[in-house]
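Q: Here is a model I have not seen before. Please explain some of the terms used to describe it.

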Amino acid sequence: MESIQKPIVIVGAGFAGMTVALNLKNLNPSLPILVVDSVSNFIFKPLMYEVLSKEIRIWEAAPKFANIFSDAGITFLKNCLIKISFEDNILEFSDQLKLSYQYLVICTGSIPNSFSIKGIEENCYFFNDLNDLNKLKIFLKNYQKNPSQQKLFIVGGGPSGIELACKIKDIYIDQFEITIVEKSNEILHRNKIFNREESERALEKRKITVLLNSKVEEVSVNKISISSQDRINSFDKDIVIWTAGVKPNLSYLETNQITKKYERILVNNKLQIENYNNCFAIGDISIIEGMEDLPITAQVAMQEGNHLAKNIELLIRGKNPLPFEFQDNGEMISLGIGEASISALGLTLSGKLAFEVRRLIYASKLPDITESLKSASSWLFQKKTIFKKFLKKNNFN
Ligand SMILES: Cc1cc2nc3c(=O)[nH]c(=O)nc-3n(C[C@H](O)[C@H](O)[C@H](O)COP(=O)(O)OP(=O)(O)OC[C@H]3O[C@@H](n4cnc5c(N)ncnc54)[C@H](O)[C@@H]3O)c2cc1C
């Protein structure tokens, strides 16, 4: 057994970081674990649409890290990582704090990728974190007062774009004329066929326009320029929401400091960073050698977090870490208020029942929070305990 002189530091407490921290503490309660995040609240991103539609409350989808970690006996620090010295095992933070570590897990997630297209950063809304959610809520609320129909463009026909379009249409009915702009020849081209077909039906039912084979060239204050079949058209717009891609959030790394692939940190199948066996990168920021096709999802991040907790415990015990294996447990898509589509473990389900099942599954995955919050009449947290056992038994992870 290795003696632990310095803490195991986990930077980023999203799906990956939260899972590794809670599981590691469970496996070995005596380990000194320090979790650092630049914000105060966890955000359960798949439930952001339901917060927008007020189907669930903000605190249910975004509990405070301090509550989650103090309950689990883990130290939490709010701070922003700005530099890593892998040779000296030292981290530097934005308030000049320096910390040394015995093991390091970095999992700082993704940020929107504008692909350097003109005007995106300045003139688009995003839907990636709590801050984006609040900004969009304020915009939509203000425009609701406007008597005329507003032109709303959503760029990206992936899950975020589709789920957001259906939800906004159901909340604001005819207040917005919604157009989805997708550069490939179909929506959800990396998703399950069943969910794609259900989504196409949901968009048609809501009269949401989809422009396929169309690429955004520029967004200005009042216009959006879209190229299609070698022609560029310029449209009036009131709001553009950019969901067309993400990139790893790695601002604290120096150029060429460590090996990357497709801009993400390359790790081996034990989730270790090349040349630094006590350092790990998981979740959206990393790519596993030989498993480059894994999707950038919470499902992958949580499975990696779970596996890494076991590997760190093995290393501390002087044993060899094990290779990560991904188990595809399917996918779920919300399609407007009270509807969803699920394609998982050979089962397909759509409509209202799928919506309820989706909520139950997510309820089981929400991090544990304090008793006082649990008793605050939250549907999600009441159901969490009951269904956790059922879902575990049926392997819905
Ligand atoms: C709207 C939306 C819906 C989604 N729906 C689904 C879905 O239905 N199913 C699914 O599987 N996936 C879904 N995803 C994708 C999923 O949320 C991500 O893949 C997942 O969050 C990745 O987990 P992570 O731990 O790598 O990063 P995150 O969960 O993003 O966590 C990263 C954390 O790192 C912190 N951080 C960043 N930089 C620093 C720094 N320098 N210092 C300190 N802390 C830092 C951040 O504050 C954040 O808390 C969705 C994503 C979005 C945006």
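The questions below concern a predicted model, its ligand and one of its sheets.

Q: What makes the pair of Asp37 and the ligand a polar contact?
A: A polar side-chain atom of Asp37 lies 2.6 Å from an oxygen atom of the ligand. The cut-off for a pair of N or O atoms is 3.5 Å, so the pair counts as a polar contact.

Q: How do you know that Ser38 and Asp284 also make polar contacts with the ligand?
A: A backbone N or O atom of Ser38 lies 3.2 Å from a nitrogen atom of the ligand. For Asp284, an N or O atom of the side chain is 2.8 Å from a ligand oxygen atom. Both pairs are within 3.5 Å and therefore count. The ligand taken alone exposes 1000 Å², and the protein buries 88% of that.

Q: Which kinds of residue make up the shell around the ligand?
A: The shell divides into 16 nonpolar, 12 polar and three charged residues. Helix H9 (298–316) gives the most, with three residues. Domain 1 and domain 2 each provide at least three residues of the shell.

Q: Why are strand E4 and strand E5 called paired?
A: Four bridges join E4 to E5 (residues 90–93). Pairing needs at least two bridges, so these strands pair. One of the bridges links Leu81 to Phe93 in E5.

Q: What makes E4 and E6 edge strands?
A: The open sheet has the order E4-E5-E6, with antiparallel pairing. E4 (81–85) and E6 (98–100) each pair on one side only, and they are the edge strands. From one strand to the next, the twist averages 20 degrees.

Methods. Residues are numbered from 1 along each chain as its sequence is written. This is a predicted model: local features need pLDDT of at least 70, side-chain atom pairs count only at pLDDT 80 or more; totals for chains, interfaces and linings use all residues. Side-chain values use heavy atoms; hydrogens and water are left out. Axes are lines fitted to C-alpha atoms, for helices over the stretch in contact, and angles run from 0 to 180 degrees between N-to-C directions. A polar contact is a pair of N or O atoms within 3.5 Å; within protein, one must be able to donate a hydrogen and the other to accept it, and residues adjacent in sequence count only if both atoms are side-chain atoms. Accessible areas come from the Shrake-Rupley method with a 1.4 Å probe; for residues, only the protein chains shown count as cover. Ala, Val, Leu, Ile, Met, Phe, Trp, Tyr, Cys and Pro count as nonpolar, Asp, Glu, Lys and Arg as charged, and the others, Gly among them, as polar. Domain bounds come from an automatic or database domain assignment.
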